[in-house]
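Visitor: I should like a close look at a single part of this structure. Please take one helix and then describe what lies around it.

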Amino acid sequence: MISLAGRDILHGWGKYMLTGVGLGLLIGVTLSMAGVYRGMVDDAQALLDNSQADLWVVQKDTLGPYAEPSSLAEDSERPIQAMRGVAQAAGVTYLTMQIAHGDEDVRVMVVGAEMGAPGLPGQPTHLVAGRHIVRGHYEAVADVKSGFAIGDRVKVRRNFYTIVGLTSRMVSSGGDPMLFLSLKDAQAAQFQKDSDAILRQRARIAASPQLNPPGNPAVSQAVNAVQSENNNVNAVLVTTTPNADPDAVAAAIRRWQRLTVYTRAQMEEILVDKLIANSARQIAMFLVILSIVSAAIVAFIIYTMTIGKIREIAVLKLIGTRDRTISWMILQQALGLGLIGFVVGKIAASLWAPFFPKYVLLLPADSIMGFFAVMLICTLASVLAIQAALKVDPAEAIGG
Amino acid sequence: MSRRGWTMAAVLVPLLLLFAWVAFRSGPLAPTNVTVAQVETRRIAPAMFGIGTVEARYTQKVGPTAAGRVTMVAVDVGDMVKAGQLLAQIDPIDRDQRIDAAAGGTARSAALEQAAAALIADATARVALAKSQAERTEQLKKSGWVTNALVDQRRQELAAAQAGLVAAQANRGAAAMDSSRLGAERAALVEQRSNLRLVAPHAGLVVRRAVEPGTTVVAGQSVVEIIDPAQLWINARFDQTQSAGLAAGLPVRIALRSRPDAPISGTIERVEPMADALTEEVLAKARFTVTGTLPSIGELAEVTVALPAGAATLAVPNAAVHRVDGATGVWVIRDGDLDFVTVKLGVQDLGGWVQVLAGLAAGDRIVVHSAKALKASSRFSIVDALP
């Protein structure tokens, strides 16, 4: 038995392929949109993975350090370190800022992590080039996305930092590349004011009779010294010992250190459900609309393709071809179109994904789901065309 | 096959190949690109890196010992002064008048002393007269020419004259004491007066002129600050985790913020016995010799201390060290598989090489850089360089 559908496709295969490619680009956009959503969630997950922490200790009653500002004294890690079930505790600071790179500005998240020993929480998990920070000051590790290269000198606030290592997929929940500094440098970057501000502050203190009482010049010096100190961190990252229950350790820290503690699951909830919820819903909405539009376009393409062949179908009917054969032919063509579309779409999405400014994650599971969705949409779309084909009067084959 | 068939194959085959390639070589299913290195034997010269500020070893803050108003400041910032040179003057107010008053008091007490001496002479004369009269009356009494009553009277007169002499002598002693007291008081006032002249306790450079004439200063407040420009050092701070082996006498390289490309050599003068508990830093003083222009006091400086290189040991780049499930180790490639090997690490140099004390053998192939964090089950492909 000859394949009617195959014959028909071969008849005008160039046109058929081009239609499939066009459809494929549309599917590629839809897949990319799904990838953008997945990438967004993955960025949030990456942020948590990269911090290598089991618990996040933050300022009491805040959603810090990613979703809300949080600030606590650097030495609050010490009593935490002494608690049962805690393997490591390290302070960390996060600050998103704009830094100059050549002629343009790069938006980065400056991460201050303790560099005393390899593998402390907060340090970059892996490097793609160079080395980790060795000197206690003026060295930095940057994410490749920032565009920095090893040996570059970047200015953060008033100091220059040499890039000694590059890492990848170290981004903030907003997708900004990270720049790792030693904790002390990052504290300076976060809390140090510019020279003008310090100067004005001194002048204000000198003018205040309370802070600069006549006859006791030491008071204003002490006030100035207090104001220029910065020993705060945004969070303390804690890793638990392998056999400890993170929830129990978190409860103990909450109870005895009087601080707010989040576990990995709670942090994920904060990041995914609270921080990126709106943008994720925005993309999900767009994805839904895009899917509906794609389905409609597939339906119209198949419908017009069938209508274009209406005379041939009438001839088929005239020579006594069964309805089932004609329906099968149309369905096969629709599925074929869907298949070509999916293949082209997947290729297109994979090829253009790296060029997106934010991370686009194309999950194989999403692709498989996408494949079945495309097939389903094609099947449904062909119903319309099949109906039109079956309603054709065989007389049209010989009519005007 | 027909021409059409060939064309179709030419389109479809590459398309399917491309599809297979994107499905398995990109995205989450793609192997992780890694770079590898062999465990090397090398000598690690650990080094410490600290920052500090240029400080003068000796700073003299010259100020008054009592509150007063500054009438004159003789020197300005940048002046070199000699020991004993006048720097500033505090208003003496009534000190001069009080010295004059004290001088008047001394003169008066000298006059009183003179008067007391005259009174002693007078009393001495009276005693001599009374004594001769008494002796004469005694002689006459033996011959029976005078009565006992006269003898008693003469004796009483002699005793009174002697008492008068003692009183006059005591008066003169009091006057002398008074004179020396007033003299000492005057000397004290003169001393205080000279204390209002603020002089350089040591030769040096004036670095601060804190107040201007007319300002009232409190006791202990500095008016002028002097440093010894030949004795500068860096007050350096080293992270406690990286300060093992820091000791006096080690050579250092000092890079001043104003001239980072012209490092100065120096030595660690001392490591402070007290560390900073809050900032978790060890403090040390690095001495250096100033050549050329004087660096600004308070300028930031980077201090690098190089420790002598130890014996050659196994070493790996620090980028290869990871922490997995609480253990520190490296990913070793064995028979084409990834194997996480726990290692014991030693010291690290500033180039990022870290000493391996146990866990690896020379020639082991280890993963240095990777495009993603690795797991034991990760598929990987070895490349020369990332990204």
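Guide: The following account begins with helix H9 of chain A and then turns to the contact between the chains, a helix pair in chain B and two loop residues. This is a predicted model, in which local features need pLDDT of at least 70, side-chain atom pairs count only at pLDDT 80 or more, and totals for chains, interfaces and linings use all residues. Residues are numbered from 1 along each chain as its sequence is written, while chains are lettered from A and ligands numbered from 1 in the order in which they are written.

Helix H9 of chain A covers residues 277-308; helices (H or I, at least four residues) and strands (E, at least two) are DSSP runs, numbered from the N terminus. At 1.5 Å a residue, its 32 residues should span 46 Å, and the end C-alpha atoms are 46 Å apart, which agrees. The expected span is 1.5 Å times one less than the number of residues. The buried residues of H9(A) are A:Ser294, A:Val298, A:Ile301, A:Ile302, A:Tyr303, A:Met305 and A:Thr306. A residue is buried if 20 or more other C-beta atoms lie within 10 Å of its own, exposed if 12 or fewer, and partly exposed in between, with C-beta atoms placed from the backbone. These buried residues pack against helix H2 (13-51), helix H11 (323-352) and helix H12 (364-390) of chain A.

The contact between the chains takes 38 residues from chain A and 40 residues from chain B, where two residues are in contact if their C-beta atoms, placed from the backbone, lie within 7 Å. On the side of chain A that touches chain B, H2, strand S5 (129-130) and H11 of chain A each supply at least two residues. The largest share of that side, 5 residues, comes from H11(A).

In chain B, the axes of helix H2 (residues 95-143) and helix H3 (residues 148-195) come within 7 Å and cross at roughly 165 degrees. Axes are lines fitted to C-alpha atoms, for helices over the stretch in contact, and angles run from 0 to 180 degrees between N-to-C directions. H2(B) is therefore roughly antiparallel to H3(B), a term for angles over 145 degrees.

Two loop residues complete the account. A:Gln52 has phi near 55 degrees, a positive value in a residue other than glycine, and its place is in the loop between H2 and strand S1 (55-58) of chain A. A:Gln52 is buried, with 22 other C-beta atoms within 10 Å. B:Ile93 also has phi near 55 degrees, a positive value in a residue other than glycine, and is found in the loop between strand S7 (86-90) and H2 of chain B. B:Ile93 is exposed, with 12 other C-beta atoms within 10 Å.

Notes. Parallel < 35°, antiparallel > 145°, perpendicular 65-115°, else oblique.
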